[in-house]
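User: Hey, I'm new to this one and could use a quick tour. Can you pull it up so we can look together?
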Amino acid sequence: MTRGIFRHTKWVAAGALAACVVAATPAAAATTPTVSCTSAKAGLADKLKRDITSAVSNRSGTIAVGLYDRTTNTTCTLRSSTAYDSASVVKVTVLATLLWDAKKHNRYLTDRENTLAKAMITKSDNDSTSKLWKQLGMTKIKGFLSAAGMTQTKPGANNYWGLTQITVTDEQKLLKLITAKNSVLSDNSRAYILKLMGQVISSQRWGTPYGRPSGVSWHVKNGWLQRSTHGWRVHSVGTFTGGGHDYMITVLTHGNSTMNYGITTIQGVAKVIHKDLAAS
């Protein structure tokens, strides 16, 4: 998010982690959610389930995963309806709402909107996001969420867009809208979103693109935010095409001791997904 979030990382993260450990203790007896996979391709679901389970098994924090591959009709989920503070991942929703609303009014984006949108997605610029969030307002944002069927997403109140509640289920719905023809987003709008997600600055290309084969194109948006509860939220959503596949991955995490710990968790999941799909 912003530079200020990175201050006092050691003591805040340590305190948050301790709080998480204490809070989690009573739930230890509960059944741990398991990875669920289905696929039209023989053997692929079992392999993905095994490998994703292995990737998350030794990581602390709470991890949610979504995979959908159109080519093999493969779906994997873990904690698909668990809510997370969105951090900057919500910026894709903000851009989609802007384009959806412009389409409704039969207009192009203004130069100002284009400038703000580019900074918001490619650099994860917070000021640009705040301006667009305020311009759109809650009615339009909720209108888009309804049109998109993103019923589990709850917009952050009082302009705190980074505290929007998101789930794997809804993020995957959004990525599906961006990557295939539909009645919610025009073809031009979808192409514009993917273009910007494919121009994310190099320092923010971590997460779901990690481990993808060289011939697979990527489009990504990441989010990161530290708070006093649940430590670091670190998320990554990405869409990928190539190697005979057309797929999207969402990984949401919180309870991370550091931002880098969360990144490593996400990349461990992404690496096995890319590998298993490439081999199928």
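Analyst: Sure. One term before we start: a contact here means heavy atoms within 4.5 Å. Also keep in mind that this is a predicted model.

User: Okay, so for contacts between residues at least 6 apart in sequence, what share joins residues at least 24 apart?

Analyst: That share is 68% in this chain.

User: And what's the chain built from, in helices and strands?

Analyst: The secondary structure comes to 8 helices and 8 strands. The chain has 280 residues, and buried ones make up 50% of them.

User: How about the accessible surface, what does that come to?

Analyst: About 12500 Å², with 54% of that belonging to carbon and sulfur atoms.

User: Let's go to a strand. Is S6 mostly covered or mostly open?

Analyst: Mostly covered. S6 runs over residues 217-226, and 9 of its 10 residues are buried.

User: Which strand does S6 pair with, and in what sense?

Analyst: S6 pairs with S7, residues 232-242, in the antiparallel sense over 10 bridges. To pick out one bridge, His-219 has Thr-239 in S7 as its partner.

User: What's going on between the two strands of that hairpin?

Analyst: There are 5 residues between S6 and S7, and in this hairpin His-230 takes a positive phi near 65°.

User: Switching topic: how many cavities of 30 Å³ or more turn up in the whole structure?

Analyst: The search finds 1. The largest cavity has a volume of about 50 Å³.

User: Which elements give two or more residues to its lining?

Analyst: Those are H3 and helix H5 (126-148). H3 gives the most, with 4 residues. The lining residues include Val-90, Thr-93, Trp-133, Ile-141 and Pro-155.

User: What classes of residue line that cavity?

Analyst: There are 6 nonpolar and 4 polar residues in the lining of the largest cavity, and no charged ones.

User: And pockets? What's the volume of the second largest one?

Analyst: The second largest pocket has a volume of about 300 Å³. Helix H3 (90-104) and helix H7 (187-197) are the elements that give two or more residues to its lining.

User: Which residues line the second largest pocket?

Analyst: Among them are Leu-99, Lys-103, Arg-107, Tyr-108, Asn-114, Ser-189 and Tyr-192.

User: And how does the lining of that pocket split by class?

Analyst: For the second largest pocket, the lining has 5 nonpolar, 5 polar and 2 charged residues. H3 is worth finding on screen, as a helix that gives residues to this pocket lining and also to the lining of the largest cavity.

Note on methods. Residues are numbered from 1 along each chain as its sequence is written. This is a predicted model: local features need pLDDT of at least 70, side-chain atom pairs count only at pLDDT 80 or more; totals for chains, interfaces and linings use all residues. Side-chain values use heavy atoms; hydrogens and water are left out. Buried means under 20% relative accessible area, exposed over 50%, partly exposed in between (1.4 Å probe, protein chains only). Two strands pair if DSSP finds at least two bridges between them. Accessible areas come from the Shrake-Rupley method with a 1.4 Å probe; for residues, only the protein chains shown count as cover. On a 1 Å grid over the protein atoms alone, a cavity is a set of points where a 1.4 Å probe fits but cannot get out, and a pocket is an open set with protein on both sides within 12 Å along at least five of seven lines; lining residues have an atom within 4 Å of a point. Grid points are joined across faces, edges and corners, and a volume is the space filled by probe spheres set on the points. Ala, Val, Leu, Ile, Met, Phe, Trp, Tyr, Cys and Pro count as nonpolar, Asp, Glu, Lys and Arg as charged, and the others, Gly among them, as polar.
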